[in-house]
Structure formats: C-alpha cells, structure tokens
Protein chains: 2
Amino acid sequence: MGRKPLKNDSLPGSLDMLILRTLSRRDLHGYGIVQFIQQSSDNELLVEEGSLYPALQRLELNGWIEGDWGVTANNRRARIYKITAAGRKQLAVETKQYAKLTLAIARVMEAE
Amino acid sequence: MGRKPLKNDSLPGSLDMLILRTLSRRDLHGYGIVQFIQQSSDNELLVEEGSLYPALQRLELNGWIEGDWGVTANNRRARIYKITAAGRKQLAVETKQYAKLTLAIARVMEAE
DNA sequence: GCCGTAAGCTAAGAATTCTAGGTATGGGAC
DNA sequence: GTCCCATACCTAGAATTCTTAGCTTACGGC
C-alpha cells in the first residue's frame, strides 16, 4: 500500500508532547522513543533522528527530562531518559493546549 | 476569563488549510479571513497579519487562490481572494492529511 | 574479520511563524 | 475641517523547528 509515513513537519510543536508522553510511561533511550512512536502510531509517524536528538536536548535543558548513560536490553550503550516532575506538568499543559487547538481548528473547519 | 487566544505557532502547517477552507465558503479579503477564523474558532485562534499575508502570497504562487483588488462592504480598498479548482483539491489533500496526522498523534497519546 | 544494525550526534538549509514595525484611507466625533 | 480609530495591506528580521545528509561507535551473527 502507498502508506508513506508522515514526517512531523506536518505538525511541528507536537514532537515535544509525543516524547514527554512516551517517557511518562517508561524510561527509554532516543532510538527506542522513535520506535515506540512509530509503532504506536501504526507506522504513520516517523520521527527523524535529526529532529529527535535536538528535541531531547531542548527538553533536558528545560528540565523536563533527564538523561543518563546506561545500557539497553541488547547490551548497547545508550542515553536513557526519564521524565521529571516538571516534565509531567509540562506534558499536562501541552496536552491541554493541543486539545484546545485541535478543537478550535475543528470549529473553523466545520463552520458554515 | 484568562482566555488568551492561541497563536498558530502551536501548530504550523495548519494555516494554509484554514485559509483554503475559509475561502472555500466565500471570497474574502485578508483582514476578513483573520476575523472569520477568529470568530468561528470562538476567539481561540489568532492569526497574526505577519503570518497571514506571506501565507496568502504562498498560496497564490502555488495557484491555490487568486486575489484581485476590489472594495469591501465598508467601501474599503482590499485584495479579494478566491479559491481556485486546484486550491479545492489541495484543501481536500490537506484535510485528509490533517485527519491522518491527528489520528496518529491520538494513537501515540493513548497507547499503553 | 566483516557487515548489518543499534545507537548517538551535528551542521546547514528550508519552511513557517512571530515581532515589530510601516503605509493608506474611510468615517465618526468634535 | 481636523483628528483619531479601525480597517486594510505589507515587509524585514529574528526565532523556532524540522529535514537532509552526513559522521561515529560498538555489538553480535556469519
């Protein structure tokens, strides 16, 4: 099927929320975050690594996530990220904001 | 109430769709498009003029809308835009894409 | 030993938005 | 008549985010 995955440039600004939400479930490394988002979106969302790593740095700078070097299940060296308390608050804020925004857009799209 | 309108930087990429959708209902000038989006979104979406006019130029360059100088109901000189056939096709494409994207995001947000 | 894959990273460019200005003019208040 | 507000258009520059297109390291199977 012609199911090209959507790049996230269709909707910038949602990447932070997706990462925070992913980490709110379990600690994970960058590569794993990409895979989780891809799989849980039914292979429709593709996060480029060139978007991901800068995003992780952004989030860490803001104190919303914390990364430490560790080892994955496959015995690979990786930077394991976990969400902070501030990150959970931020996730709540962004989730709410996103809902408001998509509702507003839906209103415009459906107006007479 | 503290109802600050959302700027559209929360969701870039949706502006073109909103403009096309607005013009798919009636011909309108830029200022009127801003007002329509604001009102139909219940005052939650605020399109800055610095975003709008470049967007209109983009859309016209792509052949999705056409503008002509005219006069508004208030006897003001204004550039009246109308959507083209290609613009309607593009609107359909973007609407579909947007639905796909928000569905994919919802899946990630709700995954276990 | 080789190679594919997991895993991390960066630089340069493209695209879109905001900020913060500017211009022009119609109509109402005075 | 003059002033001012709202309507209406526009642009330049900065900021942000994303993509493209690379590079690097190291595990484990063959």
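Let's start with the sheet in chain B. It is an open sheet of three strands, ordered β2-β5-β4, with antiparallel pairing. Strands here are DSSP runs of E, at least two residues, and helices are runs of H or I, at least four residues; both are numbered from the N terminus. Two strands pair if DSSP finds at least two bridges between them. In general, strands of a sheet pair through backbone hydrogen bonds, either parallel or antiparallel.

A word on the source. This is a predicted model: local features need pLDDT of at least 70, side-chain atom pairs count only at pLDDT 80 or more, and totals for chains, interfaces and linings use all residues. Residues are numbered from 1 along each chain as its sequence is written, while chains are lettered from A and ligands numbered from 1 in the order in which they are written.

Back to the strands. Which ones sit at the edges? β2 (28-29) and β4 (65-71) of chain B, each pairing on one side only. β2(B) is joined by two bridges to β5 (residues 77-83) of chain B. One of the pairs there is B:Leu28 with B:Tyr81. On the other pairing, seven bridges join β4(B) to β5(B). There, B:Ile65 has B:Ile83 as its bridge partner. β4(B) and β5(B) also form a hairpin, with five residues between them. In that turn, B:Asn75 has a positive phi of about 65°.

Now, the two chains together. How many residues does each chain give to the contact? Chain A gives 24, and chain B gives 24. Contact means that the C-beta atoms, placed from the backbone, lie within 7 Å. On the chain A side, the elements giving two or more residues are α1 (14-25), α2 (30-40) and α4 (85-110). The largest share, nine residues, comes from α4(A). By type, that side has twelve nonpolar, seven polar and five charged residues. Nonpolar means Ala, Val, Leu, Ile, Met, Phe, Trp, Tyr, Cys and Pro; charged means Asp, Glu, Lys and Arg; the others, Gly among them, are polar.

Last, symmetry. A turn of 180° and a shift of 0.0 Å along the axis lay chain A on chain B, with an RMSD of 0.1 Å. The two copies are thus related as by a two-fold rotation axis. That superposition is by least squares on the C-alpha atoms of residues with pLDDT of at least 70 in both. And 100% of the interface residues of chain A are also interface residues in chain B, so the copies meet through the same surface.

Definitions and conventions: Contact = placed C-beta atoms within 7 Å.
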